[in-house]
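Trainee: Please take me through one part of this model in detail, the sheet, and show me how its strands are put together and what surrounds them.

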Amino acid sequence: MSTSRELRLAGGTALAAASALLALGWARKNLVVVTVQGTSMLPTLQDGDRVLVRRRPLAQVRQGDVVVLEPPLDGPYLPGPAGPDGRIWNVKRAAALPGDTLPPGIPNDLGAAGTVPPGALAVLGDNPDSIDSRHRGLFSGDRLLGVVVRRLNVTQRPSQRPEPWQMATRSRDV
């Protein structure tokens with residue numbers, strides 16, 4: 001192998017390694033994996049599903065996005081136990097953003113008549129029994145972690161269980 005070819009190969013390898021390190025650093029800073037707990041997002045997300053969340057400020061959230069955020073820590077509906085990171089996260093759908101008209105059934109205790117004020121958002125669970133902005137009021141955009149990018153795994157639902165004939169069988173010695 002010639003010296004110039006070896007240098008090109010070594011340079012390409014170093015460039016690939018540096019690119020991989022930069023990508024890993026970006027991912028660690030911008031992406032988080034969250035495990036869904038509870039049924040507030042049924043049927044879209046189920047208890048045990050894992051989702052990939054991209055950190056986003058409130059200004060980059062769109063109506064209809066599934067978001068992860070910390071709930072208000074006061075009021076009649078206190079959040080559940082903290083997760084492994086010591087924080088409590090809710091997974092909900094962004095229903096109204098700053099300047100949007102409040103959806104029906106969401107109380108407005110921040111003073112702006114019928115619209116979401118700056119720095120806040122209204123969120124709803126896909127499950128009608130969800131504890132969300134209908135019960136807790138508007139959520140602070142400062143408590144937003146980010147937007148769900150994709151589901152990483154799907155918890156097997158009863159209707160998705162394989163039929164007996166689809167399951168692997170063990171061979172037996174006769």
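Mentor: Strand 3 and strand 4 of this predicted model are antiparallel partners, joined by four bridges. Strands here are DSSP runs of E with at least two residues, helices are runs of H or I with at least four, and both are numbered from the N terminus. Two strands count as paired when DSSP finds at least two bridges between them. Within this pair, Leu69 faces Asn90 of strand 4. On the other flank, strand 3 runs antiparallel to strand 7 (residues 144-153), with three bridges between them, and there Leu69 has Leu144 as its bridge partner.

Strand 3 (residues 66-69) is covered on both faces: Val66 and Val68 are buried on one side, Val67 and Leu69 on the other. Buried is under 20% relative accessible area, exposed is over 50%, and partly exposed is in between, using a 1.4 Å probe and protein chains only.

Now step back to the whole sheet. It is open, has seven strands in the order 1-2-7-3-4-5-6, and pairs in the antiparallel sense. Strand 1 and strand 6 (139-140) are at the edges with a single partner strand each, so one side of each has no neighbour in the sheet. As background, strands in a sheet pair through backbone hydrogen bonds, in a parallel or antiparallel way.

From the strand 1 edge, strand 1 meets strand 2 (residues 50-55) through five antiparallel bridges, and Val34 is paired there with Val51. The loop between strand 1 and strand 2 holds Pro43. The peptide bond leading from Leu42 into Pro43 is cis, with omega near 5°. Most peptide bonds are trans.

Towards the other edge, strand 4 is joined to strand 5 by three antiparallel bridges, with Ala94 opposite Val123. Four of the five residues of strand 5 are buried, so most of that strand is covered. Strand 5 then pairs antiparallel with strand 6 over two bridges, where Ala120 is matched with Ser140.

Ala95, also in strand 4, is a handy residue to click on. Ala95 counts as buried because its relative accessibility is 14%. Its C-alpha atom is 5.0 Å from that of Val123, although 28 residues separate the two along the chain. Beyond its neighbours within four places in sequence, Ala95 has contacts (heavy atoms within 4.5 Å) with Gln63, Pro103, Ala122, Val123 and Leu124.

After strand 5 (120-124), the loop leading to helix 2 (133-136) contains Ser130. This serine counts as buried because its relative accessibility is 2%. Ser130 touches Ser40, Lys92, Gly125 and His135, apart from neighbours within four places in sequence. Its C-alpha lies 9.3 Å from that of Gly38, which is 92 residues away in sequence.

Strand 1 and strand 4 (90-96) each give two or more residues to the lining of the largest pocket, with four, the largest share, from strand 1. A pocket is an open set of points on a 1 Å grid over the protein atoms alone, where a 1.4 Å probe fits and protein lies on both sides within 12 Å along at least five of seven lines; lining residues have an atom within 4 Å of a point. The space in this pocket is about 760 Å³, taken as the volume filled by probe spheres on grid points joined across faces, edges and corners. Of its 31 lining residues, Thr35, Gln37, Ile88, Trp89 and Asn90 are nearest the centre.

For the chain as a whole, the order along the sequence is α-β-β-β-β-β-α-β-β. Average pLDDT, the predictor's confidence in each residue from 0 to 100, is 81, and 73% of the residues score at least 70. Over residues 162-174 pLDDT stays under 50, with two contacts beyond four places in sequence. Predicted coordinates should not be read in detail where pLDDT is low.

Two notes on reading the numbers: residues count from 1 along each chain as its sequence is written, and side-chain values use heavy atoms, leaving out hydrogens and water. In this predicted model, local features need pLDDT of at least 70 and side-chain atom pairs count only at 80 or more, while totals for chains, interfaces and linings use all residues.
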